[in-house]
Amino acid sequence: MKKLTVIDTTLRDGEQSPGVAFSHREKLNIAKHLDQLGVDIIEAGIPVMNMMEQQTIHDILSLGLKADILTWNRLHMKDIKASLEAGAKNLHISVPVSDVHIFKKLRTTRSELLHNLEGVLSYCAENDVNVSVGGEDASRADEDFLAEVFCKGTQYGVKRIRYADTVSVLTPFTTLERIENLIQGMAGKLDISAEDLMNDLLIDFHGHNDFGLGTANALAAFKAGALGISCSVNGLGERAGNTALEEIVMALSLLEEAQVDIKVKEIMRVSKLVEAYSGRTVMESKPIVGKMVFSHESGIHVDGLLKDKRTYCYLDPKILGRRHSYVKGKHSGRSAERI
């Protein structure tokens, strides 16, 4: 049975949603609730932003949570130093890997990028911190170069890499293919078997939801071997958001029978908390956490549910600490008399 590693980015990518800004107290409270939920890794923020962010991350680290606390950093030495000043021991380094990012955004070359990566990774190794390397815009990168970047990371002891579909160009079919290609490509470059690679390295998939495929792509990535999924509560994130934590957790546990160590009855509590703090109202029909997703009006459905819940229900609301509700309306029919 494959085990899911949940990397929650509500406090980082989620907060990058336009108009969303968590206070110091809110960030600490969200971190506590994520830890109680059973999240494996909490991506707490970007220390180099300012001193307030550094202090908040320092205070989250001081909570003594079970989850690993991760900081997000660009491929800049000043970012790494800011994380170290905050007291972080788990650093994520985002490396732009597509040519459009390398040539247009950074105005550099592939070889210079690799040189810079070596310098930063060497500095991290000297300071005895755990590093994960992320491929920013990996889904538009040259696959051979992407594998080279990640292999460079393993030479410096990197045990987790992130495949980021930064601008949401993947489908479930291309996601499956790309992750499988990455595993084979890296195994070939390192001259080891794909199985040995997977035993030594956790692949983390970071998806966005611009085409409504955030959960589907994450599901495909997991099936291909990316056993770490970057996600956020309520799917909060830039543009159309990130893979929703509640969706991928429930899909993998119930549809794929993966090992998921999330306390699912706590999902609603955390969802409501993030909804309140972010000011982003969850749609009533939002999968898993929406107000009306276990409500029924159709007479045919109500009749079936009253006889046996399995007729029109696969996801049992009781798992989430929720229950069915029946609404009388235009489509109720005679079944409404039995409600």
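The legends below describe views of one predicted model, from the whole chain to its largest cavity and pocket.

**Figure 1. Overall fold of the chain.** The predicted model contains 12 helices and 10 strands. Along the principal axes, the C-alpha trace extends over about 75 × 45 × 35 Å. The radius of gyration is 21 Å, which agrees with the value near 20 Å that a compact globule of 339 residues would have.

**Figure 2. Interior and surface of the chain.** Of the 339 residues, 53% count as buried, a term that here means under 20% relative accessible area. The accessible surface amounts to about 15,600 Å². Carbon and sulfur atoms account for 51% of that surface. Among the contacts with a separation of 6 or more, 72% join residues that are 24 or more positions apart in the chain.

**Figure 3. The largest cavity.** Rolling a probe the size of a water molecule over the atoms shows where empty space is left. A search of the whole structure finds one cavity of 30 Å³ or more. The largest cavity holds about 50 Å³ of space.

**Figure 4. Residues around the largest cavity.** The lining consists of L37, V233, N234, L245, E246, I267, V270, S271 and V289. Two elements, helix 10 (245–254) and helix 11 (267–278), each give two or more residues to this lining. Helix 11 contributes the most, with three residues. Sorted by class, the lining of the largest cavity comprises six nonpolar, two polar and one charged residues.

**Figure 5. The largest pocket.** This pocket has a volume of about 380 Å³. Its lining is formed by 22 residues, of which N234, G235, L236, A240 and K286 are the closest to the centre of the pocket. Helix 9 (214–224) and helix 11 are the elements that give two or more residues to the lining of the pocket. By class, the pocket lining has six nonpolar, 12 polar and four charged residues.

**Figure 6. Elements found at both the cavity and the pocket.** N234 belongs to the lining of the largest cavity, and N234 is also one of the residues closest to the centre of the largest pocket. Helix 11 likewise gives two or more residues to the cavity lining and two or more to the pocket lining. The cavity lining includes six nonpolar residues, and the pocket lining also includes six nonpolar residues. Polar residues number two in the cavity lining and 12 in the pocket lining.

Definitions and conventions: Residues numbered from 1 in each chain as written. Predicted model: local features only at pLDDT ≥ 70, side-chain atom pairs only at ≥ 80, totals over all residues. Heavy atoms only, no water. 1 Å grid on protein atoms, 1.4 Å probe; cavity = no way out; pocket = protein on both sides within 12 Å on 5 of 7 lines; lining within 4 Å. Points joined across faces, edges and corners; volume = space filled by probe spheres on them. Helix = DSSP H or I, 4+ residues; strand = E, 2+ residues; numbered from the N terminus. Nonpolar A, V, L, I, M, F, W, Y, C, P; charged D, E, K, R; others polar. Rg over C-alpha atoms; globule rule 2.2 N^0.38 Å. Buried < 20%, exposed > 50% of the residue type's maximum accessible area, 1.4 Å probe, protein only. Contact = heavy atoms within 4.5 Å. Areas by Shrake-Rupley, 256 points an atom, 1.4 Å probe, with all protein chains shown as cover.
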